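Colleague: Got a minute to go over a model with me? I'd like to talk about how its parts meet.

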Amino acid sequence: MEDFILQLDRIEKSFGGVKVLNGLSLSVKQGEFITLLGPSGCGKTTTLRIIAGLEKPDSGKVYLEGKDVTNEEPNRRNVNTVFQNYALFPHMTVEGNISYSLRLKRLDRAKIKKAVSEALELVQLEGYEKRMPSELSGGQRQRVAIARAVVNEPKVLLLDEPLGALDLQLRRQMQTELKRLQKHLGITFVYITHDQEEALNMSDRIAVMRDGKFEQIGTPQEVYDYPKTSYVARFVGSANIIYGTAYDVNEHTVVFKNEDGIGIVARNRANIAYGQKVTVAVRSEHIRLTPAASDSNAEGFVGVVKEKSFAGGLLQIIVALADGKELVASRHGIDSTLVPGDKVIVTWAPENAILVDLEGA
Amino acid sequence: MIKRAFECFRQLNINCVAFLAVLPLFVFTFMFVIGPLIYMLVLSFLQRAEVWGIVNKFTFKNYMDIFEPVYLKTFIESFKLAITTTILIMIIGYPFGYFMAKLDAKWKKRMMLLIFIPFWTSSLIRLYGWIIIFRANGILDKLLMALNITEEPLKLLYTYPAVVVGMIYVLLPFMIFSVYSSAEKLDWSLVEAARDLGASSMQAFFTISLKLTLPGLLSGVVLTFIPSMGLFFIADILGGNKVVLVGNLIQEQLMKAHNWPFAAALSVVLMILTSVMIYIYRRISNVKELEGLV
Amino acid sequence: MKNNTRLANIYLGFILALMYLPIIIVIVYSFNSSKISSVWGGFSFKWYKELLRDKSMFDAVVNSLILASTSSILAAIIGTLAAVGMPKVNLPGKGVVEYLSTLPIMIPEIILGMVFLTYFSLIRLPFGMLTLVIAHTSFCIPYVYMLVKARLVGIDKSLAEAAKDLGASEIRVFFDITLPLILPAILSGMLLSFAMSLDDVVISIFVTGVNTNTLPIKIYTQLRTGVTPKINALSTLMLGANLLICLLSVWIGKQGSHHKEYLEMEGN
């Protein structure tokens, strides 16, 4: 237990009869950058607020450095938060904001001054001490909020969608900067976002949340390449989900079929029996489309090209299957001769398909 | 309660501190708002003593007395005056508030200040200005005679119109603020959309602007109608003894006739009227606070 | 279209002129040396000099100032405490009390005057400054309460949370965050109360004692009996004082405004 700086143990929380957190457990190591990833309303902000002490769980425990802090007030926890809307005190200068927690601790002036200028240097805002928050741009406010939270040298820093209000370019820049900051300070970060790209870029581990529970906790690569559930596959990798029945189980692969055709998936030592229902996730960039006429014997799913679109240098083709279900295929470049209405065979390499939603997994 | 207060000081727990914070308001409200109002209600059912004071005997007589022709007439007259005043204030104040909301931000602020200055000035002083204007052979008379509009002094002071002018003058800002705060929130693009969809500017005004600023207008009506039955000093100094409001009646019963139970009954009736108006206002406009009150 | 706005502006100007007309006349006539107000007898400071010599007038001014400052300060304390405490307190019937406490500015002044007169004599409070202060405080509290409450609603909840998160106790949060942010509202509530108290005739007439005159009462009795032009001079002085309060409140509003802009921006 002492190895973990932060532990959540079966946290439950309801608001007005609605269960928001449903038995949440999580252990975070010192210096780790962990991201809670999920759509809005999945309970990630509530989790953060419970860690900060701004909300009390109905049941379950919060441990900081092995100590039970479940019933401690927020001001008694060595945890600081970067709020979603920054929550800078509008009546205090930048310096006043950053030095607030130090002044509460009654440190002497010289120390405070030094700490403030160090913190400002850290977020590259030297010389902004006397500005009011209203005189800062969004990105600058963001930096001040971070400086204010880290100046206190918290054990854990909580960040609630801190980049949500910034534009795309600034967001990318801040991502790298936050990561650099975290490495430099060695503070444990618990980061909240609904943006999977952000999560994949920055985190040491990602905890994918759904309806007040963690669906999967793992490194970005684990979560991205080996999603355990169809939900994770869809949310993190925007994968296509295909349902079918296994009819040929080999040592390394499983062949399955449904009314649209047949597919193959890597087995990965999963226990699959003949005739078992399976759920398979295939990311869109791994989907191969071949014109149906060229090789009518190809094994795969038969569909019709429904839509073609380009977004961010990515060609996206939506294929409609016989029963109305749709699959998305994408690849870089604009090299496809396919046009809407073309009949295609949908295939993929077995190692690019993953069995998800397995019982007992 | 005192025991609980002591506990709070010891614990300094947030609920307790909050309790201590609201305590003064609770005590004050119970002692000096609820208490007096309940006493008014009780008093209105008591009998007046022969010479001086009150007899603790239950009676409906005070309420019946209101229907005596003399008093009933005052009520009706006062009501008529209030209606006249309110309608005129609506006609003058609505366009003012509406136009004001259309000004640009800088001028809005200036206008607010320009209206606030007289509004914060003692109404007596401002009414006194009207006395000087209306006085026989005063400024107005001289001006009108110089322009050959009238032959002889109008002697407007101590007449009904003078009281109406005084009322309008004192109460107009309430209507302006109410309408303004409502019109300010109006999304002008809605009006443009209506015009775009083929409404004439008049049609657009009646179907969009007026409808959406109705809460402000109504709140202005409530804020002007009720006081215009009670502001006895305006009737007093601009109307002489010729115009008698419900307010004057109450004041007279209190200070001169010393018939407190009757004054209380009159107040209860006025109070009920007020509550009914506010209730209707809330039902129509679906808002809790009166627009532009603060 | 252009024509319409011009017409609107002319209308605004005309009504404003009418609003200021009586005030300007009072000011002009305060410098009129003639005793009859309809005759212009030349410019003079005569009435100002006489005003200074009038002891009873001076007493009335002092009374009014004492009354207005006492009740606005009391109202600021009671109203602010209540506005801050109300959302956090758990008491039965708090909504009802909240509504009842704002009644004094909802019901006609004459009724308020009447109930205070009868009630004070029931509980045998001696009429005078005490009764005046109680009555005035009652209609000043709602102004402070409503303004502070509105301001509190506008403050982002996460500011207090951020302060707590940074190590502040509830009490510190109040003094470091909440109080500075509602201060402009408290001050404007106080100024509004001050002006309302300074202007009140109706309620004061009912609850004042025999020997306690406030300025409005004094002016009122003079207007009903016989007017001396001293009133003009006094009125002009009061106008000046009022203008000062008005400008002060605008200044306070400006002080608070850059916070407000920031908060509004964040609110989106």
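Modeller: This is a predicted model, and what follows is about the contact between its domains.

Colleague: Which domains does the assignment give for chain A?

Modeller: Domain 1 of chain A covers 6-233, and domain 2 of chain A covers 238-356.

Colleague: How many residues does each domain of chain A put into the contact?

Modeller: Eight residues come from domain 1 of chain A and eleven residues from domain 2 of chain A. The centres of the two domains, taken over C-alpha atoms, are 39 Å apart.

Colleague: What area is buried between domain 1 and domain 2 of chain A?

Modeller: About 670 Å², with 53% of that given by carbon and sulfur atoms.

Colleague: Which three residues supply more than any other three on the side of domain 1 of chain A?

Modeller: Y224(A), S230(A) and A233(A), which supply 59% of the area that domain 1 of chain A buries against domain 2 of chain A.

Colleague: Moving to charges, how many salt bridges are counted between the two domains of chain A?

Modeller: One salt bridge. The side chains of R283(A) and D225(A) form a salt bridge at 3.7 Å, N to O. The count of residue pairs in polar contact between the domains is four, both residues being at pLDDT 80 or more.

Colleague: And which helices each supply at least two residues to the side of domain 1 of chain A?

Modeller: α7 (220-225) and α8 (230-237) of chain A.

Colleague: What is the make-up of that side by class?

Modeller: Four nonpolar, two polar and two charged residues on the side of domain 1 of chain A that touches domain 2 of chain A.

Notes. Residues numbered from 1 in each chain as written. Chains lettered and ligands numbered in written order. Predicted model: local features only at pLDDT ≥ 70, side-chain atom pairs only at ≥ 80, totals over all residues. Heavy atoms only, no water. Domains from an automatic or database assignment. Contact = heavy atoms within 4.5 Å. Buried area = accessible area lost by both parts, 1.4 Å probe. Salt bridge = Lys/Arg side-chain N within 4 Å of Asp/Glu carboxyl O. Polar contact = N/O pair within 3.5 Å; in protein donor to acceptor, adjacent residues only side chain to side chain. Helix = DSSP H or I, 4+ residues; strand = E, 2+ residues; numbered from the N terminus. Nonpolar A, V, L, I, M, F, W, Y, C, P; charged D, E, K, R; others polar.
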